[in-house]
Each structure stands twice: as C-alpha cells, then as structure tokens.
Amino acid sequence: APLRREVDAQVDLICDNPTIGTLKTGDLQGVRVHKFTYLGQLYLVAYLVDEAQETIYLLAIGGHENFYRDLKRYLGD
C-alpha cells in the first residue's frame, strides 16, 4: 500500500538521522516523535533511541488524534 511505503521511507529517514524527531519531556521523556504528512493527513512516529546498542525502537505510528494519549497509556503499562 502507498501509505506503507511512505511509512517505510520515514523510518529510513529516522534511521539515517535519529535526532530528526522532537525529543519529548514529562510523561514521554526520552521518546522522540517525527511528524510527516501523507495525502494531507498528519502522521506521527514515536520511537526511542538506544545509542549504546545503536538501536531504534519504534513505539507507535498513527494519526495525530489521540496519539499522545494512547502512547502514554502504552508506555504506562
């Protein structure tokens, strides 16, 4: 699907430059969020960077509506 290809391209951008996403604070401290638009719709990718392991952990990908609420719920579990 075209959206899947766009998500893959955005993940490649994150892998090439892990600091591309905005570093969050508070409940989401340490999480980075990268935003992109596809067909006029805003999407967000939340991820963690483990520099010691040189690993990026994707936490969530989705539309803006309820994104942060759901992400906080996911991280709180």
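Two strands are taken to pair if DSSP finds at least two bridges between them. Helices (H or I, at least four residues) and strands (E, at least two) are DSSP runs, numbered from the N terminus. The structure is a predicted model, in which local features need pLDDT of at least 70 and side-chain atom pairs count only at pLDDT 80 or more, whereas totals for chains, interfaces and linings use all residues. Residues are numbered from 1 along each chain as its sequence is written, and side-chain values use heavy atoms, with hydrogens and water left out.

**View 1. Pairing of strands β2 and β3.** Strand β2 (residues 32-38) and strand β3 (residues 41-50) run antiparallel and are joined by 7 bridges. Tyr38 stands opposite Gln41 in β3.

**View 2. The open sheet and its edges.** The sheet is open and is formed by 4 strands in the order β1-β2-β3-β4, with antiparallel pairing. Its edge strands, β1 (22-23) and β4 (55-63), each pair on one side only.

**View 3. Helices against the sheet.** Helix α1 (residues 2-16) packs on the sheet and touches β2, β3 and β4 (contact means heavy atoms within 4.5 Å). The direction of α1 makes about 140 degrees with that of β2; axes are lines fitted to C-alpha atoms, for helices over the stretch in contact, and angles run from 0 to 180 degrees between N-to-C directions. Helix α2 (residues 67-76) lies across β2, β3 and β4 and runs at about 135 degrees to β4.

**View 4. Surroundings of Leu48.** Leu48 is found in strand β3. With a relative accessibility of 28%, Leu48 counts as partly exposed (buried means under 20% relative accessible area, exposed over 50%, partly exposed in between; 1.4 Å probe, protein chains only). When residues up to four places away in sequence are not counted, Leu48 touches Gly30, Val31, Thr55, Ile56, Tyr57 and Leu59. The C-alpha atoms of Leu48 and Leu58, which lie 10 residues apart along the chain, are separated by 6.6 Å.

**View 5. The protein as context for the close-ups.** From the N terminus on, the elements run α-β-β-β-β-α. The radius of gyration, taken over C-alpha atoms, is 12 Å, close to the 11 Å that the globule rule (2.2 Å times the number of residues to the power 0.38) gives for 77 residues, so the protein is as compact as a globular protein of that length. Along its principal axes the C-alpha trace spans about 30 × 30 × 20 Å. Buried residues make up 27% of the 77 residues.
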